[in-house]
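Biologist: Could you walk me through this protein, one question at a time? I am new to reading structures.

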Amino acid sequence: MDTVGEPGKEPVQLKSGSHAPLLYLLIPLMLGYALGQHFPHVELSNAWLASTLAACIVATLAAFRSPRFAPLVLWGLAFAIAVTLASWRYYAYRIPTPPDLSQQPNREAEVDIKIDRVFAMRSQHLRIAGIGTLQDAPAHAPHLQGQMIYFQCWKDDPDAPVGRSAVIRVRGKLEPTPNDPDGFDGYLRQQGCHLKLTQASLREIVAPSPWLYQQFEHINEQWQAALLVGADSPRTKQLAGIATAMLLGEKTALSIEQKDRFIASGTMHLFAVSGLHVGIVAGLIALVLAGLCLPRKLRPVLGLLLLMGYVQVTGAAPSAIRAWWMAFFFWTAYGLMRKPQPLSALAGSALVVLLFDPRQLWSAGFQLSYTVVTGLIIYGAPLQDWLQQRFKPFRLIMPESQSRWQKLATWGVRGGFGLLAISFAASLYSAPLAIRYFGVLAPGSFLLNIPLVSLAPLAMTASLIAAVCGWVGLTPIAAFANHASWVFIAGMDVLVESFLKIPDGSLQLVWRWPGGGYTLAVLMVTAALLLADRRTPPWARFGVPPAMLLVGLVFGAELRHVAPI
């Protein structure tokens, strides 16, 4: 146990632990994917892989025979090179080479598409949009077989089973995805989707969506209806829309004005089912299972099944699947009587996600999620510890001798500094990529996030109770829970509106070079990892990443104009 000495010199340790062996596998894996993405036509021969594997074996034997620093460095270098080349080869195997669409005409075609993901649309009963895989390419372009495609088509039957994993026959205009780095087209190309089918109509359902997926979609519709119970005025309907977007990720439930307001304030993350949402639901499930006094080893099994059910009801967005995998590693360690390590769970979930779908590395959601959560673990948690130690009230009074109000004040100070540190870390590490993908920086958003992150769990808990009660027919309880949720959401909405009235509260920025956001985010995470040592002075550990962001903004970003909403 650390002794309490001079406040400013107390050591700071990572509660999560800085030891995550999977990082030694994850980092070269991502490097290999990056090489495979930028050099798609380079084929690695088996000789390259065999030689690196042999070098890794030789370095391993040398490290065992002489456990000194030089052999260990040699082994680490050989291992990193071997994993990088193997992942490069794996990426080339899993991801087809982008088709040459330079001579591809924009023409009408009839194709079969297996749906991988469905996007919510405001007129979702008559239209469907999503990403899928070409099962049957048009006769004039057989080389497009197996390529990913974005489609948007009309359907005659609003109840047609055209959800995930369905195969549909669609006729429309087939065209290449525009090479625009920004906007939705840029997002599609990052996902490996180089084709679009627009102005289309659904001709036939070749294979309907599986029965289980249809049941999850039906539950989603019932939950949306339950979240509207008691909304009998325009204001309550607006609040119900925000509740639906928060719990189920249905952004179409937000009005355009609401969406612009949350984007400008840097709080749009509240409406993407990700780590925050899955963590809140996982906490509620864990609380219920603990209250039922179930065996400790059984709780993770039941909890993960119920949590996966929630993920599937929300549409199984990639961000929700990533959060579920992190919960899997964390909860499994708890069930096996091991101390959960958030950094190890984060690395394990990223490794599994990238092995299943290498394209996720280029997803804005993947980059933002893992950058922010890594920042929370290796920067936010230590900053919280240091602030709580440095500004601990009544430190000269033994805890058992403190009065009730002194204990309450101590608890309030600890909680306040904890929220401040976590919110500041999330805003700090999300800034480079938020500018890259959204073109918005809200300098004071970390102060806004403190009350929002406090109110969001309360609102989501009430909304989840309302959805489940409405689903099973307990309508009065659902109405009561909805009104409780709307109270918290109304407070969040007022806070966001007030924040946007602050001069220069929201700025529109753009990086001067295309890779500015990526480079700065990687450098900030690297700096936090290198400084994650209890012997590092607090001014360096907690001052270097913000200084890096400030230098990057001054010399690498360009202000378009202030963007009040």
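What follows is a short conversation about the predicted model.

Biologist: Let's start with the overall picture. How many helices and strands does the protein have?
Modeller: Keep in mind that this model is predicted. Of its 565 residues, 45% count as buried. As for the elements, the protein has 17 helices and eight strands.

Biologist: Among contacts in the protein with a separation of 6 or more, what percentage joins residues 24 or more positions apart?
Modeller: Think of the chain as a string that can meet itself again further along. Here we take the contacts with a separation of 6 or more and ask how many of them join residues 24 or more positions apart. That share is 74%.

Biologist: In which order do the five strands close into a barrel?
Modeller: Strands of a sheet pair through backbone hydrogen bonds, either parallel or antiparallel. In this barrel the pairing is mixed. On average, neighbouring strands of the sheet are turned by 50° against each other, direction ignored. The order around the barrel is 1-2-3-5-4.

Biologist: Which residue stands opposite Arg117 in strand 2?
Modeller: Strand 1 and strand 2 (residues 127-136) run antiparallel and are joined by seven bridges. One bridge pair is Asp112 with Asp136 of strand 2. For Arg117, the residue opposite is Ile131.

Biologist: And which residue of strand 3 is the bridge partner of Thr133?
Modeller: Strand 2 also pairs with strand 3 (residues 148-154), in the antiparallel sense and over seven bridges. Along this pairing, Ala129 stands opposite Gln152. The bridge partner of Thr133 is Met148.

Biologist: Do strands 3 and 5 run parallel or antiparallel?
Modeller: Six bridges join these two strands. Among the partners, Ile149 is matched with Leu195 in strand 5. The direction of the pairing is parallel.

Biologist: Why is strand 3 described as largely enclosed by the rest of the structure?
Modeller: A residue is called buried when its relative accessible area is under 20%. Strand 2 is mostly covered, with seven of its 10 residues buried. Strand 3 is largely enclosed because the number of its seven residues that are buried is five.

Biologist: Is Gln199 buried or exposed?
Modeller: Gln199 is found in strand 5 (residues 193-207). Its phi is positive, about 50°, although Gln199 is not a glycine. The cut-off for exposed is over 50% relative accessible area. Gln199 has 66% relative accessibility, so it counts as exposed.

Biologist: Where does Cys293 lie?
Modeller: Cys293 is another residue other than glycine with a positive phi, near 60°. Its relative accessibility is 65%, so Cys293 counts as exposed. Its place is the loop between helix 8 (275-291) and helix 9.

Biologist: Which residues of strand 7 point to one face and are buried?
Modeller: Strand 7 (residues 507-511) pairs with strand 6 (residues 440-441) in the antiparallel sense, over two bridges. In that pairing, the partner of Leu441 is Leu507. The side chains of strand 7 alternate, and Gln508 and Val510 point to the face whose residues are not buried. Those on the buried face are Leu507, Leu509 and Trp511.

Biologist: Leaving aside neighbours within four places in sequence, which residues are in contact with Ala456?
Modeller: Ala456 sits in helix 14 (residues 445-472). With 0% relative accessibility, Ala456 counts as buried. Its C-alpha is 7.6 Å from that of Phe488, while the two are 32 residues apart in sequence. The contacts of Ala456 beyond its sequence neighbours are Met246, Leu270, Ile280 and Met492.

Biologist: Now for the second largest pocket. Which residues are the closest to its centre?
Modeller: About 850 Å³ of space lies in this pocket. The pocket is lined by 27 residues, and the closest to its centre are Asp116, Ala316, Pro318, Asp357 and Gln360.

Biologist: How many of the lining residues of the second largest pocket are nonpolar?
Modeller: The elements that give two or more residues to this lining are strand 1 (107-119), helix 9 (299-313), helix 10 (318-335) and helix 11 (342-356). By kind, the lining has eight charged and four polar residues. The number of nonpolar residues is 15.

Note on methods
Residues are numbered from 1 along each chain as its sequence is written. This is a predicted model: local features need pLDDT of at least 70, side-chain atom pairs count only at pLDDT 80 or more; totals for chains, interfaces and linings use all residues. Side-chain values use heavy atoms; hydrogens and water are left out. On a 1 Å grid over the protein atoms alone, a cavity is a set of points where a 1.4 Å probe fits but cannot get out, and a pocket is an open set with protein on both sides within 12 Å along at least five of seven lines; lining residues have an atom within 4 Å of a point. Grid points are joined across faces, edges and corners, and a volume is the space filled by probe spheres set on the points. Helices (H or I, at least four residues) and strands (E, at least two) are DSSP runs, numbered from the N terminus. Ala, Val, Leu, Ile, Met, Phe, Trp, Tyr, Cys and Pro count as nonpolar, Asp, Glu, Lys and Arg as charged, and the others, Gly among them, as polar. Two strands pair if DSSP finds at least two bridges between them. Axes are lines fitted to C-alpha atoms, for helices over the stretch in contact, and angles run from 0 to 180 degrees between N-to-C directions. Buried means under 20% relative accessible area, exposed over 50%, partly exposed in between (1.4 Å probe, protein chains only). Contact means heavy atoms within 4.5 Å.
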